[in-house]
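Hi,

Here's the structure I promised to pass along. Have a look at it first, and my notes follow underneath.

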Amino acid sequence: MILGKIELIPPVIAAPMAGITDQSFRIIAREMGASLVVSEMVSCKGLIYDQAKTWELLSTDELEQPIVVQLFGSVPDEVARAAALIEQKIPCVAIDINMGCPTPKITKNGEGAALMLNPRLAGEIVKSAVRAVSLPVTVKTRKAWDDSSPTAVELAKEVEQAGAAAIAVHGRTRAAFYGGKADWNIIRSVRDAVSIPVIGNGDVFSANDALRLMQGTGCHGIMVGRGALGNPWLFRDISRSLLGQAELPAPTVPERIDMALRQLAMTVERKGEYAAIREMRQHLAWYIKGVSGAARWRDHINRTTSLEDLCEILLQIAAQRPLPAD
Ligand SMILES: Cc1cc2nc3c(=O)[nH]c(=O)nc-3n(C[C@H](O)[C@H](O)[C@H](O)COP(=O)(O)O)c2cc1C
């Protein structure tokens, strides 16, 4: 799959997940085989009004390149101004516009998935961003707002016409949030309706899922979100499978803990101990999923406020020591 000046080989992309896919996560995703990563979504207004918290989300590292920055906004002129700021200040290979976020905080302002209700406005947003930057502008969307509203096909045609370089489609409606099963048929329909690259997304939890999604829909790329949480090896497995390479064994518990410790160390380096210990709790819970005594280990992890104690707990899990008494 080609995106602007780069070719994604194989076309496996780490999905943006706000509050989760920070720099440490993205570096690991790249190392493990994702050929492209996407920032957490950032607010166009936050960039235009120069809010420090918004810019902090965009701290990037050479190690995670190539990276796409994802914006959310609903006013064409604001999206264009924010895109121009990104192009000036942040080394990235494309700018993506979020047209799929289901949270009321976003949709009540007409942003994220609410744009699915107005494909014409979605097109205007893309057109004005495309005029403002020389980087490719892409869109990430869902199947539809709900079962009775215009679908991703209409939106895809509008944004293609407006100059979008690619479109990612998550096969769920906004109404479904993350429940039920992703409908991959909509990805096929979008693939058939436009000539820009289409990235399939939703419920890829194994290399086999990725193959089925690609073969079943003809999509050009695969985007993986929740399946990679605590399991960045999924990027390796999908990449190898798409390249026709042999499957590798699943990581052992000590390997999983090693990776968790690395992510923890990178997060401490970037965000400081206090924030890292708290933000890493969710990731550590994912890394130890399925390990014997995981629920009780998780309790210990969540109660720990010292980095030294946290590392000690992780080393004990790696050594598969018995749980300490409560
Ligand atoms: C906690 C969480 C945060 C998310 N944040 C974003 C986001 O910032 N931008 C976006 O386009 N999608 C976001 N998504 C949606 C994912 O990118 C992806 O479309 C969705 O999880 C379906 O893919 P999956 O089944 O592989 O997880 C988020 C999903 C989750 C679970």
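Let's start with a strand pair: Thr 138 in strand 8 stands opposite Ala 166 in strand 9. From strand 8 the chain crosses through helix 7 (residues 152–161) to strand 9, a β-α-β crossover that is right-handed (with the strands pointing away from the viewer, the path from the first strand over the helix to the second runs clockwise). Strands 8 and 9 (residues 166–173) run parallel and are joined by 6 bridges; two strands count as paired if DSSP finds at least two bridges between them. Helices (H or I, at least four residues) and strands (E, at least two) are DSSP runs, numbered from the N terminus.

Before going on, the fine print: this is a predicted model, with local features needing pLDDT of at least 70 and side-chain atom pairs counting only at pLDDT 80 or more, while totals for chains, interfaces and linings use all residues. Residues are numbered from 1 along each chain as its sequence is written, and side-chain values use heavy atoms, leaving out hydrogens and water.

Strand 8 also runs parallel to strand 7 (residues 94–99), with 5 bridges between them, and here Ile 97 stands opposite Val 139. Since 7 of the 8 residues of strand 8 (residues 137–144) are buried, that strand is largely enclosed by the rest of the structure. Buried means under 20% relative accessible area, exposed over 50%, partly exposed in between (1.4 Å probe, protein chains only).

Elsewhere, Ser 24 in helix 1 (residues 23–32) is buried at 2% relative accessible area.

Cheers
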